[in-house]
Amino acid sequence: MLIFKKVADLRQWLDSQSLPIGFAPTMGALHEGHLELIRMAKREGCVAVASIFVNPTQFNDPKDLEKYPRTPEKDAALLISAACDVLFIPSVEEVYPPGVNLTIDLDFKQLDKVMEGEFRPGHFKGMATVVNRLLDIVKPQRLYMGQKDYQQLSIVRDMIRQLALPVELVMCPTVREPDGLAMSSRNVRLSPAMRSAAPVIHQTLLWAKTALEQNRPVSEIQETAMGKLTEAGLRPEYFELVDGVTLEPIRPQGAILFMDETGMGGSIVACTAVFAGEVRLIDNLMLT
Ligand code: AMP
């Protein structure tokens, strides 16, 4: 695997490639969820490029940025094990050259206002800015992102549409621990007690799926789910049932269902964010 720190060096190498480029942007502290993105890019015949960049502009909480786990040597070894071709690990100055304004300020309608948008102000603007910048550097044909961050993926899809970027977005299913906890770089920060409580997040999402199939009212599902998470010792911020494309909350009287080119229209996704001690975890499940 080649490792590049400079945009110019990476570009020179990528320009000599004939295969399509498959790109997986990450913030490091890698786990199986990240590696699946790389494996999928390889299976689909791409030159697999991973980036590791802890993007300061998407952290609304400076403590969260400071505590974000950083394990670059281990990450490189894991990427090699997944047959990754290139690791791009730039400095902040390389991504954001001083004096250059690269901020992405698009109107994402409600996509960046609900759920994470409500609880993490500025997060999605920073995320869209860095993804757009990295896409401009790497110029991949295919962009691999995880379903784990469903709202992020929905916003990136909309950004690609609005800017008419020549890249195909590929959604990779959420990779979970054997007990159902969604893999996350933040899981290493969980205390033993919180680690054993955390699988209730996935259990509650599964319960919500069954409850919806039994036609239980949406408001009752939400309330009960919040109760289940709280009883387990977690502090839920939200538990929302939303439309799979618009992320509009599903109202008790039912969603406006439609089919669209993403194939996600008319689907209902349950999304949740909880604090497990000091660690904030998010997860989601497609209910229909
Ligand atoms: P992060 O390093 O957390 O910013 O994540 C980088 C990419 O990996 C994003 O596209 C995430 O959605 C994806 N990802 C993170 N965790 C998982 C997981 N458990 N399963 C699948 N994809 C994941």
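The side chains of aspartate 64 and arginine 189 meet in a salt bridge, with 3.7 Å from N to O; the term stands for a side-chain nitrogen of Lys or Arg within 4 Å of a carboxyl oxygen of Asp or Glu. The model is predicted: local features need pLDDT of at least 70, side-chain atom pairs count only at pLDDT 80 or more, and totals for chains, interfaces and linings use all residues. Residues are numbered from 1 along each chain as its sequence is written, and side-chain values use heavy atoms, leaving out hydrogens and water.

The chain is assigned two domains, listed below with their shares of the contact (heavy atoms within 4.5 Å). Their bounds come from an automatic or database domain assignment.

| Domain | Residues | Residues in the contact |
|---|---|---|
| Domain 1 | 2–172 | 24 residues |
| Domain 2 | 185–286 | 22 residues |

The C-alpha centres of domain 1 and domain 2 lie 25 Å apart. Between them the domains bury about 2,100 Å², 56% of it on carbon and sulfur atoms; buried area is the accessible area (1.4 Å probe) that two parts lose on being put together, summed over both. On the domain 1 side, Met115, Phe119 and Tyr150 lose the most area to domain 2, together 30% of what that side buries. The count of salt bridges between the two domains is 3.

Helices here are DSSP runs of H or I with at least four residues, numbered from the N terminus. The axes of H1 (residues 7–15) and H7 (residues 123–138) come within 9 Å and cross at roughly 50°. Axes are lines fitted to C-alpha atoms over the stretch in contact, and angles run from 0 to 180 degrees between N-to-C directions. Val7, Leu10, Arg11 and Leu14 of H1 meet Arg133, Ile137 and Val138 of H7 in the contact.

Notes:
Helix = DSSP H or I, 4+ residues; strand = E, 2+ residues; numbered from the N terminus.
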